[in-house]
Protein chains: 2
Amino acid sequence: MTRNDKTTIQDIAKRLNTTAATVSRALNDHPRISKATKEAVKKMAFELNYQPNNIASALRSGKSKLIGVIVPTANRAFFSTVVRGIEEVAIQHNYRVIISQSYDDPKKEEETIDALFSARVDGIIASTGKKTLVFDHYRKVIEKGIPLILFDRGNPELKVSQVLIDDYQGAYQAVKHLIEQGCKRIAHFTSVNKISIYKDRLRGYTDALRDAGIDIQEELIIESDLQLEDGRICMEQLLALKQRPDAVFSSSDYGAMGAMQVLKENEINIPEEVALVGFSNEPFTSYTDPPLSSVDQTSISMGRITAKAFFDQLNADKSDFTPQKTILSPQLIIRGSSQKK
Amino acid sequence: MTRNDKTTIQDIAKRLNTTAATVSRALNDHPRISKATKEAVKKMAFELNYQPNNIASALRSGKSKLIGVIVPTANRAFFSTVVRGIEEVAIQHNYRVIISQSYDDPKKEEETIDALFSARVDGIIASTGKKTLVFDHYRKVIEKGIPLILFDRGNPELKVSQVLIDDYQGAYQAVKHLIEQGCKRIAHFTSVNKISIYKDRLRGYTDALRDAGIDIQEELIIESDLQLEDGRICMEQLLALKQRPDAVFSSSDYGAMGAMQVLKENEINIPEEVALVGFSNEPFTSYTDPPLSSVDQTSISMGRITAKAFFDQLNADKSDFTPQKTILSPQLIIRGSSQKK
């Protein structure tokens, strides 16, 4: 690739029918530029493989120019979209992203870090595994002086920058919406794992009910692994109650999908008789009948902000650097499974 | 991780209630061991992080022990499952997998290769991008003497081992099944990209019709990008015909999903009035109503076979090595969208 092939700010401006000055400001997150314009410019910059020369040349040489990203699995819309957001920012800094999967297995997670050391990455961005209890392998990264950023699944013990989602707020919004639809007996599917995100969602659920003056009923809170089959079993358990619920807020879309199947098999109308809301906004949620309401985790922004935190740290004076925690607000997407006419 | 932590063949045998000898034979693909047992053993070996010492020690030292995998996007069930299959085999050879995404963009694909060079990978396994026309970056890999294996989307010009799917056969099976269900006017959604896999599927469609004595009708073959919205538009076009089709075989599940939405909006019964079959067996196909029949691309086997081809080449005498092409048979999964009572 010769230098003449390279995309310029002018190319981006032309494609978006705007000026080079606007593009430059958008790429540098200038406060005067609207969020929508920034989005459009960054998306186009990624598509056209734009790499600013000034930033590239400012970076120290002799680096691998690689960021290693550790995800439980790349085959989840949430994680892959975060990675896409990371790549959008990385490419602007002339960096490339390589991905390693931990499969939520602590031993494999250790190995991913060794693999990324072998690949001589300049930094690591990770979402920790569900079952990880010991974090020594992450401490090894910090000790080596390699920048480490955690996203989505953070860890309070590690002194590194973290970009997280406000799971409490996401759950609170979902349950408040169900109450506004007239639902009074709202069930909740939660996880036996009891990892922090599920605890926060449970707290959002109970607080939303309390704030509306609705009593918490233990029989309506059901623990499982939140997979499709679990959702089926939980829903059957709820239908066997003397008084069945009029809504379910599930901490996962898969759990909500299982509930939907059981409700349809029993010819119970959704959302009129039982309304449903899931969590994560997996792509399949638009394809179900009715489409499933869900809580979107603003994954593309999370990726971009995480990458930005990484480059901030990479370019910071080491003596001057303080880890930061960023908490993002999720967004409730209301669809046919909970919207009554 | 000390050596005492390591999983042994005995551990695997215990968990599967079988003998160490059986496990050993299964791991070495002994012909006497059933396919089901091999599957179970390899799955368990992966879950328990089993790493055979003999193979590990046989490998030359001073290597990164990394395989770089290039996929258009990791966020597709097909690609991520192939990667999982590759990892299952890689871990048995003490290798780790790192993933780099090309986003089907030729320039990004070039950069993935540079990134994997920076990561000092011992080999590259790739599925080429949809729009890649020039393959010089892959030739660079070959010239460097780094083993390169292609899967799913191959290239006849490159002299490397390739593991492909018999797209022709997959399409033929799907259309034959629709004919057996009594369908006579079977439409086909194909891609304007005209890349080899879609051409092969179109050929499978036309041959299955011809072999059943059914005339090919040009008005029933519609080209698009095969996304959900395309499927909607194509289906509306078909419903506007004087005589509408009684089945659609779509070269993508997303296209079939769009068709399903339009049929339901028009209160046309699936499969009684119009039967539907997609391609790729995306996970959402089990969640639609009715569930969508589709052609499964045996992705986990494809991953394992691709990795095996890689290690065969890595361990082969260079003067003695000949690239091989492996063609796998896809499998039709029949669900409610095409199975008439």
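Biologist: Before we start, what counts as a salt bridge here?
Modeller: A salt bridge is a side-chain nitrogen of Lys or Arg lying within 4 Å of a carboxyl oxygen of Asp or Glu, and please keep in mind that this is a predicted model.

Biologist: Fine, so how do the side chains of E111(B) and R96(A) meet?
Modeller: They meet in a salt bridge, with 3.5 Å from N to O, and the rule finds four salt bridges across the interface of chain A and chain B.

Biologist: And how many residue pairs are in polar contact there?
Modeller: Across that interface the rule finds 18 such pairs, counting those with both residues at pLDDT 80 or more.

Biologist: Which parts of chain A touch chain B?
Modeller: At least two residues each come from α3 (35–47), α5 (77–92), β2 (96–101), α6 (106–118) and α11 (253–265) of chain A, and α6(A) gives the most, with eight residues.

Biologist: What's the make-up of that side by class?
Modeller: The side of chain A that touches chain B has 19 nonpolar, 12 polar and 14 charged residues.

Biologist: How much area is buried between chain A and chain B?
Modeller: About 3,800 Å² is buried between them, with carbon and sulfur atoms giving 51% of that area, while 45 residues of chain A are in contact with 45 residues of chain B.

Biologist: Switching topic, which residues touch the most other members of the largest nonpolar core?
Modeller: That core has 52 residues, and those touching the most other members are I67(A), V69(A), F151(A) and I67(B).

Biologist: What is I67(B) in contact with, leaving aside its neighbours within four places in sequence?
Modeller: The contacts of I67(B) include A90(B), Y95(B), V97(B), I98(B), F310(B) and F311(B), and R96(B) is also among them.

Note on methods. Residues are numbered from 1 along each chain as its sequence is written. Chains are lettered from A and ligands numbered from 1 in the order in which they are written. This is a predicted model: local features need pLDDT of at least 70, side-chain atom pairs count only at pLDDT 80 or more; totals for chains, interfaces and linings use all residues. Side-chain values use heavy atoms; hydrogens and water are left out. A nonpolar core is a set of buried Ala, Val, Leu, Ile, Met, Phe, Trp, Tyr and Cys residues joined through side-chain atoms within 4.5 Å. Buried means under 20% relative accessible area, exposed over 50%, partly exposed in between (1.4 Å probe, protein chains only). Contact means heavy atoms within 4.5 Å. Buried area is the accessible area (1.4 Å probe) that two parts lose on being put together, summed over both. A polar contact is a pair of N or O atoms within 3.5 Å; within protein, one must be able to donate a hydrogen and the other to accept it, and residues adjacent in sequence count only if both atoms are side-chain atoms. Helices (H or I, at least four residues) and strands (E, at least two) are DSSP runs, numbered from the N terminus. Ala, Val, Leu, Ile, Met, Phe, Trp, Tyr, Cys and Pro count as nonpolar, Asp, Glu, Lys and Arg as charged, and the others, Gly among them, as polar.
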